[in-house]
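Trainee: Please take one part of this structure and give me a close look at it, with the surroundings worked in as you go. I'd like the reasoning along with the result.

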Amino acid sequence: MTIRQDCLDRDLADPLGMMRSRFSLPDGVIYLDGNSLGALSVAAAEAVREAVERQWGGDLIASWNKHKWIGLPQKVGGKIASLIGADADEVVAADSVSVNLFKLAAAAASLPGGRRVVLTESSDFPTDLYILQGLAGLMPDIELRVVAPGGVEAALDDRVAVVLLSHVHYRSGAVRDMAALNPSIRAAGALSLWDLSHSAGVLDVALNRDGADLAAGCGYKYLNGGPGAPAWLFVARRHQAMLRNPLSGWMGHERPFDFADDYRPAAGVDRWLCGTPPILSLAALDAALEAFEGVDMAAVRNKAAALGDLFIERVEARCADKGLVLASPRDGSVRGGQASFRHPHGGAVMQNLIARGVTGDFRRPDLIRFGFAPLYVRYVDVWDAVEVLAGILDSESWREPQYQAAGTVT
């Protein structure tokens, strides 16, 4: 049986343990919500001060050249590429996940050959579904085909242009088998488009090894880029010349500062830029990614699985018969960086946990999620968090009136 001292010993032996010092974490808080908003890194805080006070404040517009603001989308993209098994010239930081999914899906569904079906699964992350619904409404020749979870391969035919799937399901944390699905999609003549928002920075993703065509993801979860951090997109080099960005903004032009009337797309992944890059948030994300320098992503994934395994083990040992039902895969090898449980009063339980210094999140109607960002979450944090959860369920303190109303953001 695991005891708290075992967790302390594991933390001392943890090869990633020293990475915690790269983050600024508040005292008295066990932060298990990095799957929703990553913690502030020390480097990111300093980089934003530098960008605001010295660069913007002191050098003003000269900073676009002097401090190389203009190249931040590519610089950040290259850093992210190293975490997801891509090459630097296949990834660029830009826009939001929603906008990037629209751009990539629209481009894939507009290729010559008459394929106009965009295929996805129901119950995936809402923005992914909403964006595809909007795309189909905007372009009447595009058909949106939504199948039940697990039904993608059976739904592939010669009309499918692109398949959009989340690599890690946002509710359960279940990991889809990208290496197995990509060949099936490719054999059907379609392109794969992966949402890696819950994968990048916590799993050892290998886009090129596994034959992915397109991908997008956010910068504010496990990449720790800050609230509303820029997203990014991946286009495999073999597809870059044939795909056209439907949002043909000036930053995607081959010579944006020629200010020509006619749009000519830039070569490579640069054509997927659109408007002026958000420099302050890019500076934060660029610096936050320094936390991954020298980090083995296989070790990150292994620790995420171990933290999740420990959490599930302790919850089931300490909170048996208290209304909690595991909603994530038990096998850590097919579970992302989170563990989810259902509870009929999950919203109140989570509000009570947050008040007691354990931060997770809640997804209606009954799901409480706990994220394990391996660079700063410790094994002892997991132990202590479960002890707090057990105390709340034993005492039923979650029934108190102050925990019945959730905030706008849960």
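Mentor: Start with Cys319, and keep in mind that this is a predicted model. Cys319 counts as buried, because its relative accessibility is 4% and the cut-off for burial is under 20%. A cysteine tucked away like that makes you wonder about a partner, so here's the chemistry: a disulfide is a covalent bond between the sulfur atoms of two cysteines. The count of disulfides here is zero. Cys274 isn't in one, with the nearest cysteine sulfur, from Cys218, 19 Å away. Cys319 isn't in one either: its nearest cysteine sulfur belongs to Cys7 and sits 15 Å away. For scale, two sulfurs would have to lie within 2.5 Å to be called a disulfide.

Now for the part I'd really zoom in on, strand S13. S13 covers residues 367–371, and five of its five residues are buried, so the rest of the structure largely encloses the strand. In a regular strand the side chains alternate between the two faces of the sheet. You can follow that along S13: Leu367, Arg369 and Gly371 point one way, while Ile368 and Phe370 point the other way. Both sets are buried, Arg369 included.

What flanks S13? Strands in a sheet pair through backbone hydrogen bonds, and that pairing can be parallel or antiparallel. On one side, S10 (residues 338–342) is joined to S13 by five bridges, with the two running antiparallel. S12 (residues 361–363) also runs antiparallel to S13, through three bridges. S12 and S13 make a hairpin, with three residues between them.

For register, pick out Leu367. Arg342 stands opposite Leu367, and Arg363 has Leu367 as its bridge partner too. The next residue of S13, Ile368, faces Phe362.

Zoom out a little and you get an open sheet of four strands, in the order S9-S10-S13-S12, with antiparallel pairing. S9 (325–326) and S12 are the edge strands; each has a single partner strand, so one side of each has no neighbour in the sheet.

S13 also leads you to the aromatics. Phe370, one of the S13 residues mentioned above, belongs to an aromatic cluster with Phe311, Phe341 and Phe372. Across the whole structure, the search turns up nine aromatic pairs. One of them is Trp250 with Phe257: the ring centres are 5.2 Å apart and the planes meet at 70°, so this pair is edge-to-face. Phe257 has another partner in Phe259, again edge-to-face, at 5.8 Å centre to centre and 90° between the planes. As for accessibility, Trp250 is partly exposed, with a relative accessible area of 34%, whereas Phe259 counts as exposed at 56%.

Last stop is just past the end of S13 in the sequence. The structure holds one cavity of 30 Å³ or more, and the volume of the largest cavity is about 30 Å³. Its lining includes Ala373, Pro374, Leu375 and Tyr376, along with Gly201, Tyr222, Asn224 and Phe292. Sorted by class, that lining has six nonpolar residues, two polar ones and no charged ones.

Methods. Residues are numbered from 1 along each chain as its sequence is written. This is a predicted model: local features need pLDDT of at least 70, side-chain atom pairs count only at pLDDT 80 or more; totals for chains, interfaces and linings use all residues. Side-chain values use heavy atoms; hydrogens and water are left out. Buried means under 20% relative accessible area, exposed over 50%, partly exposed in between (1.4 Å probe, protein chains only). Rings of Phe, Tyr and Trp (its six-membered ring) pair if their centres lie within 6.5 Å; planes under 30 degrees apart count as stacked, over 60 as edge-to-face and the rest as tilted. On a 1 Å grid over the protein atoms alone, a cavity is a set of points where a 1.4 Å probe fits but cannot get out, and a pocket is an open set with protein on both sides within 12 Å along at least five of seven lines; lining residues have an atom within 4 Å of a point. Grid points are joined across faces, edges and corners, and a volume is the space filled by probe spheres set on the points. Ala, Val, Leu, Ile, Met, Phe, Trp, Tyr, Cys and Pro count as nonpolar, Asp, Glu, Lys and Arg as charged, and the others, Gly among them, as polar. Two strands pair if DSSP finds at least two bridges between them.
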